[in-house]
Every structure is written in C-alpha cells, then in structure tokens.
Amino acid sequence: MIRLLPKILIQAFVLLLLQVAVVNNINLGTLNITPHFYVLFFLLLPFETPAWIMLFIGFFFGLSIDLFSDTNGLHAASSVVLVFVRAIVLKGL
C-alpha cells in the first residue's frame with residue numbers, strides 16, 4: 001500500500017484538476033447536467049485499502065471538490081456514501 005501512495009496521489013490530483021478545471025465548465029443541454037469523473041478515483045483505489053482510510057479519503061476528496069464547485073457538502077456526502085457502499089460490497093465478495 002505504501003509503495004502505491006505516489007501513484008494514488010497523482011491519480012487524485014489529476015482527477016481533481018480534470019473535474020474542477022474542465023468538466024465543471026461543461027453544460028450538457030439546458031438542464032445544466034455536469035458529469036462527475038472524480039468518482040473514478042474511488043473505484044481505482046486498491047482493494048486492500050482499509051475502510052476507515054477510504055472514508056477519510058472520500059470525505060476530504062469530496063470536500064475539495066465542494067470547495068471548488070461551491071456545492072456546500074454535496075460531493076463530500078456522496079463520496080462518503082460511495083466509499084461506504086464500496087467497502088460493504090468488497091467485504092461481501
């Protein structure tokens with residue numbers, strides 16, 4: 001897990017930058033629908049990552065998206081729920 005840390009940090013930074021700088025400025029139609037590619041970061045985390053670490057990562061990564069997108073905790077909450085469900089699904093497998 002420690003040897004994968006630089007790769008994980010680079011993935012997080014690239015997806016955060018992609019989401020904030022590019023994807024948040026895309027509007028699909030008149031409904032103002034914005035795709036969210038940062039969710040891919042949680043799916044790419046190693047399976048061996050402990051659940052409590054993933055919850056902290058999910059919260060702070062979602063909070064950083066919230067700070068740039070001005071969404072008041074929406075992404076932080078949804079990221080924590082996504083990481084929590086991922087941990088439950090992986091534990092059941």
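Which side chains does a polar contact of 2.9 Å join? The side chains are those of Q19 and N24. This report starts from the whole predicted model and returns to that contact below.

**Overall fold and confidence**

The model is predicted. Its mean pLDDT is 87, and 98% of the residues reach 70 or more. Among the elements, α1 has the lowest mean pLDDT, at 88. The highest, 92, belongs to helix α4 (residues 74-92).

The secondary structure comes to 4 helices and 0 strands. Along the sequence the pattern reads α-α-α-α. The C-alpha trace spans about 40 × 25 × 20 Å along its principal axes. Of the 93 residues in the protein, 26% are buried. Take the contacts between residues at least 6 apart in sequence: 53% of them join residues at least 24 apart.

**Q19 and its surroundings**

Q19 sits in helix α1. Is Q19 buried or exposed? Q19 is buried, and its relative accessible area is 0%. Leaving aside residues up to four places away in sequence, Q19 touches N24, P35, H36, F37, Y38 and I65. N24 is also the partner in the polar contact of 2.9 Å between side chains. Another residue touched by Q19 is Y38, and Y38 belongs to an aromatic cluster.

**The aromatic cluster**

The structure holds 7 aromatic pairs. One of them is Y38 with F61: the ring centres lie 6.2 Å apart and the planes meet at 40°, so this pair is tilted. The pair links distant parts of the chain, 23 residues apart. Y38 is in the loop between α1 (5-22) and α2 (39-43), while F61 is in helix α3 (residues 51-69).

F61 also pairs with F41. Here the centres are 4.8 Å apart and the planes are at 25°. Why does this pair count as stacked? Planes under 30 degrees apart count as stacked, and the 25° between F41 and F61 therefore makes the pair stacked. F41 lies in helix α2 and F61 in helix α3, so the pair ties together parts 20 residues apart in sequence.

Y38, F41, F42 and F61 form one aromatic cluster. Burial values for three members follow.

| Residue | Relative accessible area | State |
|---|---|---|
| Y38 | 3% | buried |
| F41 | 3% | buried |
| F61 | 8% | buried |

Each value falls in the buried class: Y38 at 3%, F41 at 3% and F61 at 8%.

**Helix α4**

α4 has 19 residues. From its first C-alpha to its last it reaches 27 Å, close to the 27 Å expected at 1.5 Å a residue.

Which residues of α4 are buried? They are H75, A76, S79, V83 and R86. These residues cover an arc of only 100° around the axis, which puts them on the same side of α4. What covers the buried residues of α4 includes α2 and α3. The face turned away from the buried side carries the exposed residues L74, V81, K91 and G92.

**Drawing the parts together**

Helices α2 and α3 appear in two settings. F41 in helix α2 and F61 in helix α3 form an aromatic pair that ties these parts together. Both helices are also included in what covers the buried residues of α4. On the α1 side, Q19 lies in helix α1 and touches both Y38 and I65. Y38 in turn pairs with F61, in a tilted arrangement.

Terms used:
Residues are numbered from 1 along each chain as its sequence is written. This is a predicted model: local features need pLDDT of at least 70, side-chain atom pairs count only at pLDDT 80 or more; totals for chains, interfaces and linings use all residues. Side-chain values use heavy atoms; hydrogens and water are left out. Rings of Phe, Tyr and Trp (its six-membered ring) pair if their centres lie within 6.5 Å; planes under 30 degrees apart count as stacked, over 60 as edge-to-face and the rest as tilted. Buried means under 20% relative accessible area, exposed over 50%, partly exposed in between (1.4 Å probe, protein chains only). A polar contact is a pair of N or O atoms within 3.5 Å; within protein, one must be able to donate a hydrogen and the other to accept it, and residues adjacent in sequence count only if both atoms are side-chain atoms. Contact means heavy atoms within 4.5 Å. pLDDT is the predictor's confidence in each residue, from 0 to 100. The expected span of a helix is 1.5 Å times one less than its number of residues. The arc is that of the directions from the helix axis to the C-beta atoms.
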